[in-house]
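Please open the model in your viewer and follow the stops below in order.

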Amino acid sequence: MPRFTTKLWGKLLSGVLSGVLLFSAIGGVASANTSPDATIASSVEQTRFLQLYAQIKDPASGYFSAEGIPYHAIETLMSEAPDYGHMTTSEAYSYWMWLEVLYGYHTKDWSKLEEAWDNMEKYIIPTNEGGVNEQPTVSYYNPSSPATYAAELPQPDLYPSVLNGKYTPGRDPIDAELRATYGNNASYLMHWLVDVDNWYGFGNLLNPTHTATYVNTFQRGEQESVWEAIPHPSQDDKTFGKAGEGYMSLFTKENQAPSAQWRYTNATDAEARAIQAMYWAKELGYNNQVYLDKAKKMGDYLRYGMYDKYFQKIGSAANGNPVAGNGKDANHYLMAWYTSWGGGLGQSGNWSWRIGASHIHQGYQNVLASFALSDGGLTPQSATAGQDWENTLKRQLEFYTWLQSAEGAIAGGATNSWGGDYKAYPAGKSTFYGMAYDEAPVYRDPPSNNWFGMQAWGVERIAELYYALASQGDTSSENFQMAKQIVTKWADWSMDYVFANSRPVADSEGYYLDAQNNRILGGANAQVATTPAPGEFWLPSNLEWSGQPNTWNGLANHTGNSNLKAVTKDPNQDAGVLGSYIKALVFFAAATEQENGSYTALGQQAAELSKDLLDVAWNYNDGLGIVTEEERADYFRYFEKEIYIPGGWSGVTGQGNTIPGNAGVPSDPSKGGNGVYISYADLRPDIVNDPQWQYLVDTYNNSYNKQTKQWENGKPVFTYHRFWSQVDIATAYAEYDRLINGDNGGPVQPTVPSAPINVQAQAGNGKVELSWSKVTGATSYVVARSTTSGGPYTTVGTPTTNAYTDTNVTNGTTYYYVIRAVNAVGESANSVQVSATPTSTPTPTSNLVLQYSTSDTNPLDNTIRFQVRVVNQGTSAIDLKDVKIRYYYTKESAQAQQFFTDYAQVGSSNITGTFGSVSPAKTGADSYVEIGFSAGAGSLAPGANSGDIQIRLHNADWSNFNENNDYSYNGMQNSYANWNKVTIYHNGVLAWGMEP
């Protein structure tokens, strides 16, 4: 199986912007577009949030594609981790969720959030859409042998890496759990990179109706920068690349030509950020359980980010001899940089693989998402998911505590695979739960933890957790104490280096200076010299690291890290990092108020600095967003030949050119390769058509000295409207308004709850059982009924939980029900009406029992999914070939249905499915599917059950069903329980259940 890595655009500007000063503010906005929603604003910050929202969402601004996908940036000539501005990333999508959550909170219009999630599901989560399966062979995955080992190598020139199986992979312990929960094991995760306009020309192989195309880049170890990476299709049928091999042979080497395959890679921080956003949506009044359940499902699959790349036991490779994991001993309970999964295409494609990642970066941890998925109301459905996320929450907080420097900055991370090849750890290396400290985990060009943005991202989430726990009254738990300590120390350190309306003094190498012109080389309470600069903001760009943390022996034994030092450098004006930094301060300030009743002195300082930064940032709004000019000293690399192509490899790209062609120069033998190097434009010839290309060429020719490698007449200057950056600063205004202007960090004022959704009515003998999804903010419910469809309705119950059994009924009478949610403010509107007809039809007495569950939380999609099992409560064995099961539903169209067994413990090939009609049609049932067993299924012993039988139905044209009124459907039954609305027949005689 292939070996994949990914490094996201967090590589961005660290190192690249060393010594860069970003220039003065653009004059105030003369006529920025505003939305009608701005009229509801009650503060400067809310007004500015809504104005930025309007700028971002205005089609004329250019942030979104024709398919509604957010671009990485409006501009196209850029190379960060997306190497072209009109790519998009999973980060961009996760920021979009956050934008719409706060828009929903401020306007009460949550529809935009759901539209964003739908677009994400369509274009960047490779799902089964309309009959197009973008993970077509994932069901062949064998959790006992997840993938074939291939080493990560120290230089791109050493690739392809041999798939040699040197180390036996451990067992994947959660695949069976996910299959049981969702009926399949198709990952509900985003692929991290999409070519939105199909600029690279590969096309969307598996879903050609989409212009947007799944692509990937980084595959060749920790030294491969964006300037050395080779973009390639994620669905590779060998149309492009080397004849008969595609692009695969650039990265891995096999004994034969590689098979056609699909493969995806997620970035764990993106899914975590999307879940983080949905947690706040839930807390701020959003209650559509369908989408909240999607966030839960995403969190379920995100657990693969907790596992070592090849499922090796954590810490076992310290001596260079890793041990294959068994169960959860390969779980580091942190968020690794990525996970990957894939499988075959075509007739020989009956295989699939999956890997985790061994390298953990502090900037990818998300304690707020971990809290949401454990104790915050978004716990996934799988059996061990809640406990995994609870463990992960504590482990991440310990991780940050371990990595916090003497000054307060957070160091890089850890790895379970030294050198990417499970090498023995260097002598004296500090460890965390057996993993080795790594100053720059995942990538080295530039070092991954130098960029200050990695600080702001991670600690902002800790500040949110500090606030969330304090708001709930938890001010004593170990998790609370760790969160408080980390963010307090970090805020105290960072605010010494961040300025509004003044400019820090720094030398030519980017070191901050004190009043005596001495370099500030770390330490506490830095006194940075400044000069007046009204209307400007400045914050650090980079850090220099030395030393290492002490080996972790538990919180009780942690005494700080006197030997781990950070030097803060390179003042700059990054508007995106500014937004994230402000939110960290805002949540920190609000948390101190929640804990203490008023701001602490440091909390007050954080709130005041946040206000000053937001005020000056508005000066930089150019009508499309808040931006600053950027000197790009690294852009000489557009013209360097440094992209390695192995000797003998030649292939055609999606843009039609052959690489390496005749453009290559011999590779550097000292790096171990025997191929050639080509340039950025050699690989991507269409870049020369970019509207800014000629400007870059002219600046390079007129200014760059190839001998000294210096820009002698000025560096190229660009202004970029990055989507994530605009969302970060926009949401900073929104959160300041909510947490500082609003209730001083207090709880959200209650509003009338929303109407209940997912209402179910199940008729029984002399009773009707009703259930519905819990409504956020509701303290009780009203159950009302009528014997006439449409009412008028009479109240029959006022339960405080989301279920009610109506026993004051007459068998044979149809009852119509609506539910209303209630709190101190008032009652919601009526729910959708449901009906049921209780009946005295006796349930057959039998030794066979049917148990049912479903993970299908969207009753209006194009698939019916459910799980059943047969239990033998008798004293003699039952031959399963004599047993039939009937599931009743309404088919909504004249289309034929198709039957699939996604999994069966007795063997999917031993399950049969036939369709029949209910005549005359009954309420909730005009059709049924009859599930049978072949002789190969064997017999069912006394006291035994058949094990999982996971069924999936869809229409031939993939049109939607409406399961809400289906007789056998119970969307609230998410774990196995007896269910008498699915019937069993033994030798043709009804043995269990009630026919409709």
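Begin with a cartoon of the whole chain, which has 15 helices and 48 strands; these are DSSP runs numbered from the N terminus, with helices (H or I) of at least four residues and strands (E) of at least two. This is a predicted model, in which local features need pLDDT of at least 70 and side-chain atom pairs pLDDT 80 or more, while totals for chains, interfaces and linings use all residues. Residues are numbered from 1 along each chain as its sequence is written, and side-chain values use heavy atoms, without hydrogens and water.

Next, display the C-alpha atoms alone: along the principal axes they fill a box of roughly 90 × 65 × 55 Å. Colouring by burial (buried means under 20% relative accessible area, with a 1.4 Å probe and protein chains only) shows 62% of the 996 residues as buried.

Now select the rings of Phe, Tyr and Trp. The structure holds 75 aromatic pairs, defined by ring centres within 6.5 Å, with the six-membered ring used for Trp; planes under 30 degrees apart count as stacked, over 60 as edge-to-face and the rest as tilted.

Select Phe 452 and Trp 493, a tilted pair at 6.1 Å centre to centre with 55° between the planes. Phe 452 belongs to helix H9 (residues 452–471) and Trp 493 to helix H10 (residues 478–494), so the pair ties together parts 41 residues apart in sequence. Both Phe 452 and Trp 493 are buried.

Move on to Phe 866 and Tyr 887, whose ring centres are 3.9 Å apart with planes at 5°, so this pair is stacked. Strand S38 (residues 864–872) carries Phe 866 and strand S40 (residues 883–889) carries Tyr 887, so parts 21 residues apart in sequence are tied together. Phe 866 and Tyr 887 are buried.

Technical notes: Buried means under 20% relative accessible area, exposed over 50%, partly exposed in between (1.4 Å probe, protein chains only).
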